[in-house]
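Here is a colleague's note to read with the model open. Take the points in order and find each residue as you go.

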Amino acid sequence: MTTAPSRVTAQRAGLSRPARPGRPTPVPPRRRRWLRLARWSGWLWVLPALLMYAIFVLRPLALTFQYSLYHWNGIGVARWAGLENYVTVFTDRDLLKIVGNAFVLIIFFSFIPVGLGLVIAALVRRISSGPFGTAVRTILFLPQVIPLVAAGIAWSWLLSSTGLVNQLLRGIGLDGLARAWLGEFDTALPSVGLIGAWVLLGLCTILLITGMSKIDPALYESARLDGAGPIREFLAITLPSLRQEIGVCLTVTVIAALASFDIVYIATGGGPGLQTTVPGLEIYRLAFAQRQVGLASALGVVLMALVLICVLPIQRLTREDKG
Amino acid sequence: MNLSRREQLTSRLFLIALVLVTLLPFVSMLSAALQPRGTVPDGLSWPTDPQWGNFVDAFNVANMGALLRSSLLIVAGVVPVSVLIATMAGFGLGHLRVPGGRFVFLLFLLGLTLPFEAVITPIYYQVQQLGLLNTRWAIILPLIGLYMPFAVFWMRAHFINVPRELSDAARVDGSNTWQMFWRVQVPLARPAIASLTILLFLWTWNQFLLAIVLVDDSTKRTMAGALGAFQGQWGTDQVLLCAGSLLILTPTLIVFLIFQRQFIKALLQGSLKG
């Protein structure tokens, strides 16, 4: 792939004089050297981006691995720890629970938006393109556009003891169910999950609707002629055709769940207890409040690995068939 | 005909329900923001005497003028540079196909799914060593680096599809690579560049983690970071908190409504590619 340009340019250079038989592209040595130089000078285009990336991502990445092998409080002398920090991450009850929380959030951040999005998209199939359609699109994208922090604040208010959710429950006579949703042990994590579902539902729905509008209507017609009902139709045509879009939704939402920080920080601060603490928040707390830089870094490496372990299979399974 | 009408109606009803769920948090915040200060508002109840002055109070308390300026400075530091160097790199990797480019591209891909939390600790110490903690540079410089995987990936995807004959023709016309880049390639890449600019603007404006870790002074943060500080300070005053939150998210909302077509296109493409 990298040899293609040189061949093209070399041929062009060769065009000026008749090609000698038995010899491929006869480029004079000086010209050839210049060409090689020109090819290498292409690096100048890549260099600024690579430099910023190396300084502010690759170096920190390497340092994260390095820190994770030490006990360090960020100021004093670092003490070699070997894999001790990793052992802690995989055996400490609290840390395991925190990683578990992230997986619970996947149910809310990923499965609900994608599942509900599919149902809505199947029912709507083609969003009307008139002003109604435009307005709906615009509004459904709102949660994607505002800061996650704002979503956190809005929903903490909605779910608070005097908030709208409780007001509605009392309104229909379910006073017994009213509670401080984000403050109680059993409801805190699902409530945080609900906020994530709200943020991601619109994006998933529109993505899936867009994907559906590309499906050939003839497919549905022939399915109807074969006597397929709406459910058969959905399973046999819609779902397979949307493989790529579903993959995208799952990738985006799973990363949002595993790497969640903003919403949790604002809505609950990780509480009550450790009920809603997620790895991202724990890294922040360990590194900057508790000064356990080594342990925070080990958790960071594990988080990175978790994202890859979850996302790579999704990419594999849902790529369009390119072999 | 009858059936399709009913289908139309149900689909519309579903969409309207979804729209209501999306809007409810905003409406609830607005109703709380208009209650008299010092009261404990109900979830949703239109006040008999709406206190629009609460917004003025929140504007002053949140120091909105300084926040806007700070966010704009950070965006101005991050977005143009990121877009420029990513476009150049995309051009080098996708069109010039520099030797070893595949390896470099894979190196960039490595960062594509990287959670910011995983590298925030070393970034903190690095920024500290550079003596930039608590300045806007502390957000600007790392963000440019952190955006590179996506931005380069995005621009390379554009340049790899540009027909090679185009630059060959430019070369025959006697222009060097630099001129060809600016006169032929950049104008052609305008849609890709515009989408990237929108996405980077949005992500920078809404960046929270870097803002709270690297900058203590909330008037030197991004809008989202400042909102976090505002919540910490006024979290118990529900009326003021709602008014302040609405104010702080208004700029994004305005920009979004003006450019909504481009935003939605960029967001859809962005998630499809990323």
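How many cavities of 30 Å³ or more does the structure hold?

1. **Cavities.** The answer is 3 cavities of that size or above. Keep in mind that this is a predicted model. The second largest cavity has about 50 Å³ of space. Its lining draws on chain A and chain B. From chain A come A:Leu140, A:Pro143, A:Trp198, A:Leu201 and A:Gly202. From chain B come B:Leu18, B:Val21 and B:Thr22. In general, a probe the size of a water molecule, rolled over the atoms, shows where empty space is left.

2. **Where the chains meet.** Now look at the interface of chain A and chain B. In chain A, 90 residues are in contact with chain B, and 95 residues of chain B are in contact with chain A. Together the two chains bury about 8500 Å². Carbon and sulfur atoms give 78% of that area. Find A:Trp45, A:Phe56 and A:Trp157 on the chain A side. These residues supply 11% of the area that chain A buries against chain B. No other three residues supply more. As background, the size of an interface is often given as the accessible area lost when the parts come together.

3. **Polar links between the chains.** How many salt bridges does the rule find across the interface of chain A and chain B? It finds 0. Polar contacts are another matter: 15 residue pairs make them across this interface, counting pairs with both residues at pLDDT 80 or more.

4. **Two domains in chain B.** Chain B is divided into domain 1, residues 5–50, and domain 2, residues 64–270. Their C-alpha centres lie 33 Å apart. The two domains still touch: 10 residues of domain 1 are in contact with 10 residues of domain 2. About 790 Å² is buried between them, with 81% of it on carbon and sulfur atoms. Which residues of domain 1 lose the most area to domain 2? They are B:Met29, B:Ala33 and B:Arg37. Together they account for 60% of what the domain 1 side buries.

5. **A salt bridge between the domains.** The count between domain 1 and domain 2 of chain B is 1 salt bridge. The side chains of B:Arg37 and B:Asp237 meet in a salt bridge, at 3.2 Å from N to O. Across this domain interface, 1 residue pair is in polar contact, with both residues at pLDDT 80 or more. The residues on the domain 1 side that touch domain 2 divide into 7 nonpolar, 2 polar and 1 charged.

Technical notes. Residues are numbered from 1 along each chain as its sequence is written. Chains are lettered from A and ligands numbered from 1 in the order in which they are written. This is a predicted model: local features need pLDDT of at least 70, side-chain atom pairs count only at pLDDT 80 or more; totals for chains, interfaces and linings use all residues. Side-chain values use heavy atoms; hydrogens and water are left out. Domain bounds come from an automatic or database domain assignment. Contact means heavy atoms within 4.5 Å. Buried area is the accessible area (1.4 Å probe) that two parts lose on being put together, summed over both. A salt bridge is a side-chain nitrogen of Lys or Arg within 4 Å of a carboxyl oxygen of Asp or Glu. A polar contact is a pair of N or O atoms within 3.5 Å; within protein, one must be able to donate a hydrogen and the other to accept it, and residues adjacent in sequence count only if both atoms are side-chain atoms. Ala, Val, Leu, Ile, Met, Phe, Trp, Tyr, Cys and Pro count as nonpolar, Asp, Glu, Lys and Arg as charged, and the others, Gly among them, as polar. On a 1 Å grid over the protein atoms alone, a cavity is a set of points where a 1.4 Å probe fits but cannot get out, and a pocket is an open set with protein on both sides within 12 Å along at least five of seven lines; lining residues have an atom within 4 Å of a point. Grid points are joined across faces, edges and corners, and a volume is the space filled by probe spheres set on the points.
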